[in-house]
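Here are my notes from going through the two-chain model you sent over. Have the viewer open while you read, and jump around as you like.

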Amino acid sequence: MSLILGLTSSISGLLVYGLLGNSASASITTQSYNMSLASYLVSGVAFSSIITNGPAMFSQHSSPTELEEVLVTPTSFREFLLSSSALNLLTTVGGAAIFFLLGAFLLGLDYSYNIPLLVLTVLLGLLTSIGLGFMSLGLRLVYKQASLISWVFFSLTGLLGNMIVPIQILPSIAQSIAYLTPQYYFFTGVRMAIGSDASSVGTVITLFGAYTLALLLIGILILDYGMKFIRRNGTHRWV
Amino acid sequence: MIQILVSNLSKTFTRKFETGASKETTRKREVLKNVSLEVQTGEIVCLLGRNGAGKTTIARILSTLVIPDEGKAEVCGYDVVTQSREVRKRVGVMINAGDGGFQPRLSGFTNLEYYAILYHIPLQKARFRISALLGELGLGDRGSDQYQMYSSGMRRRLALARALLPDAPVVLLDEPTLGVDPWSTKQIHQKLRSLAEQGISILCTTNNSAEAQTVGNRVLMLENGVLEAMTRTEVAAA
């Protein structure tokens with residue numbers, strides 16, 4: 001039942017953005033990404049789950065009542081988290097692809113597909129999510145709450161991440177902040193892969209790759225710190 | 001042969017506490033003070049003590065969950081801090097009286113299959129072992145029931161089955177019979193003695209002196225973070 005409700009709300013959200021976008025006569029997105037506003041919005045909404053799931057990715061597999069029982073087994077904690085989330089990651093990517101194609105079909109949107117670039121961008125998006133998930137969990141182990149990082153991340157995605165608001169229409173200071181977010185590189189990479197092969201695609205993907213690597217390493221370090229913290233303090237359980 | 005070696009182990013926890021409506025501060029509490037103990041192959045050692053005496057902390061240190069401040073702890077010759085992964089391959093653990101880590105909507109059997117994967121036990125072998133353990137612990141006909149339908153005693157027995165699943169040479173049990181009925185307790189004690197006869201070393205914490213006397217080859221009393229050996233007469237009087 002929850003799956004049907006989730007699918008229905010996702011598709012209806014997609015259609016709302018698509019129909020709104022279709023009503024726009026001219027758009028900054030045509031100039032920047034060679035796609036209509038509707039195409040821009042649908043691609044943003046459809047692919048959003050790949051990167052926005054990051055901070056909460058591992059929370060369900062690290063419940064306070066399960067943590068100790070998992071940690072006494074020979075399976076390493078990172079291995080446990082990744083293998084437990086593998087299906088979730090696959091369904092997220094599959095869901096994004098289905099929503100995107102469904103939106104394009106229902107609204108009659110045209111895209112130009114650079115599949116290798118799209119796959120690379122999605123892969124980097126997933127790795128970014130994993131890095132953010134490690135980071136969020138590490139902080140949660142120490143501070144016993146992760147709402148702040150999720151809130152910051154979701155706020156940034158909506159406004160500055162180039163997901164549904166083209167950064168070209170933002171004030172220059174907001175644009176500068178947007179360039180610091182991983183979401184910007186992810187959504188820009190997606191638009192370049194399905195919109196136009198802009199000349200700056202190499203720069204965007206290189207920066208995104210470097211950003212992803214940095215987030216992964218920082219995520220691993222923060223998670224390791226969180227693990228050491230709870231082993232030192234014995235605070236595995238919390239409510 | 002010594003399977004568990006604890007030498008001069010000390011641990012202090014820092015905990016927050018409230019002094020008034022809005023005042024919150026921290027306080028240190030020394031849980032273990034120079035604790036030393038050994039468990040030989042095939043021996044059952046019971047750690048007896050009141051609630052909050054530090055019994056669980058010893059079990060948590062030996063199962064690599066908590067790092068000691070001072071001293072040394074080894075399981076099968078491996079250091080619990082620097083060789084924690086090797087230690088985890090060699091211990092079966094039941095902590096917090098086995099109260100946690102099970103998925104309520106899955107059956108007892110499936111929950112154990114899940115842990116068999118985490119213990120890297122091949123599925124076919126695991127299924128055979130799970131069936132045997134459930135039978136030995138009196139859950140043979142309830143393995144397919146959802147975990148949420150289990151009574152507290154059944155949950156303890158399932159947690160014990162989880163601890164015995166990896167067939168490890170060392171088993172750490174934290175209050176394994178808490179909330180278990182006397183008949184099942186007897187069954188669990190028999191199982192523990194049979195494991196010891198097979199050469200498994202068992203460290204069992206309890207606050208029940210009768211249990212310590214019944215099941216333990218040796219009984220150690222933990223009080224205010226200090227560990228002392230007890231004679232049978234002392235245990236009986238405790």
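The points below take confidence and chain A before moving on to the contact between the chains and then chain B.

1. First, the caveat: this is a predicted model. For the complex, the predictor reports an ipTM of 0.89 and a pTM of 0.86. Chain B has an average pLDDT of 91, with 95% of its residues scoring at least 70. Within chain B, helix H8 (residues 232–237) is where confidence is lowest, at a mean of 70, while strand E5 (residues 78–79) has the highest, at 97.

2. Chain A is helices and no strands: 10 of the former, zero of the latter. Of its 239 residues, 41% count as buried. Look at contacts in chain A with a separation of 6 or more, and 74% of them join residues 24 or more positions apart.

3. Helix H10 of chain A (201–233) is worth a look. H10(A) has 33 residues and spans 47 Å from first C-alpha to last, close to the 48 Å expected at 1.5 Å a residue. Its buried residues include A:Phe208, A:Tyr211, A:Leu215, A:Leu223 and A:Ile230, and a charged-looking name turns up in that list too, A:Arg231. What do the buried residues of H10(A) pack against? They sit against helix H6 (115–143) and helix H9 (182–194) of chain A. Right after H10(A) comes A:Gly234, with a positive phi near 65 degrees.

4. On to where the chains meet: 16 residues of chain A are in contact with 20 residues of chain B. On the chain A side, the elements giving two or more residues are helix H4 (67–71) and H10. H4(A) gives the most, with four residues. By type, that side of chain A divides into five nonpolar, six polar and five charged residues.

5. One spot to click on in this region is B:Asn96, in the loop between E6 and helix H3 (108–118) of chain B. Leaving out residues up to four places away in sequence, B:Asn96 touches A:Glu68 from the other chain and B:Asp174 from its own. Is B:Asn96 buried or partly exposed? It counts as partly exposed because it has 19 C-beta neighbours inside 10 Å, and buried would take 20 or more. B:Ile130 is 34 residues from B:Asn96 along the chain, and their C-alpha atoms are separated by 22 Å.

6. Strand E6 of chain B (residues 91–94) is covered on both faces. B:Val91 and B:Val93 are buried on one side, and B:Gly92 and B:Met94 are buried on the other. E6(B) pairs in the parallel sense with strand E7 (residues 170–174) of chain B, over four bridges. In that pairing, B:Gly92 has B:Val171 of E7(B) as its bridge partner.

7. B:Val171 deserves its own point. With 25 other C-beta atoms within 10 Å, B:Val171 is buried. Beyond residues up to four places away in sequence, B:Val171 touches B:Gly92, B:Ala163, B:Leu164, B:Leu195, B:Ile200 and B:Ile202. B:Val93 is 78 residues from B:Val171 in sequence, yet the two are 5.9 Å apart in space, C-alpha to C-alpha.

8. B:Val171 is also among the residues with the most contacts inside the largest nonpolar core, which has 74 residues. Others on that list include B:Cys46, B:Leu62 and B:Leu220. Helix H5 of chain B (residues 152–164) gives the most to this core, with seven residues. Apart from it lies another core, of 47 residues, with A:Tyr33, A:Tyr40, A:Phe47 and A:Leu141 among them. Back in the largest core, the contacts of B:Leu220 include B:Leu37, B:Val45, B:Leu47 and B:Leu48, and also B:Glu228.

9. Finally, two backbone angles to check in chain B. B:Asn34, in strand E2 (residues 24–40), has phi near 45 degrees, a positive value in a residue other than glycine. B:Cys76 is another such residue, with phi near 55 degrees, and lies in the loop between strand E4 (70–75) and E5. Their surroundings are worth setting side by side: B:Asn34 is partly exposed, with 13 other C-beta atoms within 10 Å, whereas B:Cys76 counts as buried, with 20 C-beta neighbours inside 10 Å.

Key
Residues numbered from 1 in each chain as written. Chains lettered and ligands numbered in written order. Predicted model: local features only at pLDDT ≥ 70, side-chain atom pairs only at ≥ 80, totals over all residues. Contact = placed C-beta atoms within 7 Å. Buried ≥ 20, exposed ≤ 12 C-beta atoms within 10 Å, placed from the backbone. Pairing = 2+ DSSP bridges. Core = buried A, V, L, I, M, F, W, Y, C linked by C-beta atoms within 7 Å. pLDDT = per-residue confidence, 0-100. Expected span 1.5 Å × (residues − 1).
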